[in-house]
Amino acid sequence: MRAAAGLIALSLSGCALWPAGVSPDARLLQADREFAAASLRAGPAEAFYQFTTADALQLPADGEPLRGREAIRDSLSEGPPRVLNWQPQFAEVADDEDLGWTWGLWQLYETGAGGRRLAQGKYVNIWKKQPDDSWKVRLDLGNTQKNKP
């Protein structure tokens, strides 16, 4: 009996990651916030590698489509180091809870003290729920806002 109770408790422990009543939309928005935090902590190349599916597609505003998380990581690793920051604004999860999308605002800065802003814009990410209930980006696309005089 003890073994059965322990097994039940162990199997339910994975369900307690989110408090009861937290909506799927709020969970996805939190995943995007964690993605953004990883970009600041580990750099954009590593964050995209961790938070995208193996077959992810990136449609950059000013370049050719990139297929696969390795290609995305390699592209983000080119050139001088940069700081990519974004602020998720909204998330919505489909009724079947397998897909969702987020949008937000992004900024790219030079590294170092006083890092000058190089670009900014908006993004939309399409997310796919993984077998372990985590979320990964399947499609990343964004635009670049023109600087106002």
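Q: Which residue forms a salt bridge with E110, and how far apart are the closest N and O atoms?
A: R116 does, and the closest N and O atoms are 2.9 Å apart. Keep in mind that this is a predicted model.

Q: Is E110 buried, partly exposed or exposed?
A: E110 is partly exposed, with a relative accessible area of 28%.

Q: How many salt bridges does a search of the whole structure find?
A: Three. Besides R116 with E110, D55 pairs with R138, and D74 pairs with R73.

Q: What's the N to O distance for D55 and R138?
A: It's 3.6 Å, between the two side chains.

Q: Where do those two sit, and what does the pair tie together?
A: D55 lies in strand β1, residues 52–59, and R138 in strand β6, residues 135–142. The pair therefore ties together parts that are 83 residues apart in sequence.

Q: How accessible is D55, and how accessible is R138?
A: D55 has 45% relative accessibility and counts as partly exposed. R138 counts as partly exposed too, at 30%.

Q: And D74 with R73, what's the distance there?
A: The side chains of D74 and R73 meet at 3.7 Å, N to O. D74 is partly exposed at 42% relative accessibility. R73 is partly exposed at 25%.

Q: Back to β1 and β6. Do they run parallel or antiparallel, and how many bridges join them?
A: Parallel, with four bridges joining them. One pairing to look at is Q58, whose bridge partner in β6 is D140.

Q: What about β1 and β2, parallel or antiparallel?
A: Antiparallel, joined by two bridges. Strand β2 covers residues 66–67. R67 in β2 is the bridge partner of L57. The two strands form a hairpin, with six residues between them.

Q: What's the strand order in the open sheet?
A: The sheet has six strands, in the order β2-β1-β6-β5-β4-β3, and the pairing is mixed.

Q: Which are the edge strands?
A: β2 and β3, and each of them pairs on one side only.

Q: How many bridges join β3 to β4, and which way do they run?
A: Eleven bridges, and the strands run antiparallel. F90 has W103 as its bridge partner in β4.

Q: Changing topic: what's the volume of the largest pocket?
A: About 820 Å³.

Q: How many residues line the largest pocket, and which lie nearest its centre?
A: 32 residues line it, and Q58, L76, L84, W106 and L108 lie nearest the centre.

Q: Which elements give two or more residues to that lining?
A: On the helix side, α3 (44–51) and α4 (69–77). The strands are β1, β3 (82–93), β4 (99–110), β5 (117–129) and β6. Q58 comes up again here: this residue near the pocket centre is the one bridged to D140 in β6.

Q: Now S39. Which helix is S39 in?
A: Helix α2, residues 24–42.

Q: Buried or exposed?
A: S39 is buried, at 3% relative accessible area. The cut-off for buried is under 20%.

Q: What does the S39 side chain reach?
A: The side chain reaches the backbone oxygen of L84, at 2.7 Å. L84 is also one of the residues nearest the centre of the largest pocket.

Q: Which residues does S39 touch, leaving out those up to four places away in sequence?
A: P44, A47, L84 and W86.

Terms used. Residues are numbered from 1 along each chain as its sequence is written. This is a predicted model: local features need pLDDT of at least 70, side-chain atom pairs count only at pLDDT 80 or more; totals for chains, interfaces and linings use all residues. Side-chain values use heavy atoms; hydrogens and water are left out. A salt bridge is a side-chain nitrogen of Lys or Arg within 4 Å of a carboxyl oxygen of Asp or Glu. Buried means under 20% relative accessible area, exposed over 50%, partly exposed in between (1.4 Å probe, protein chains only). Two strands pair if DSSP finds at least two bridges between them. A polar contact is a pair of N or O atoms within 3.5 Å; within protein, one must be able to donate a hydrogen and the other to accept it, and residues adjacent in sequence count only if both atoms are side-chain atoms. Contact means heavy atoms within 4.5 Å. On a 1 Å grid over the protein atoms alone, a cavity is a set of points where a 1.4 Å probe fits but cannot get out, and a pocket is an open set with protein on both sides within 12 Å along at least five of seven lines; lining residues have an atom within 4 Å of a point. Grid points are joined across faces, edges and corners, and a volume is the space filled by probe spheres set on the points.
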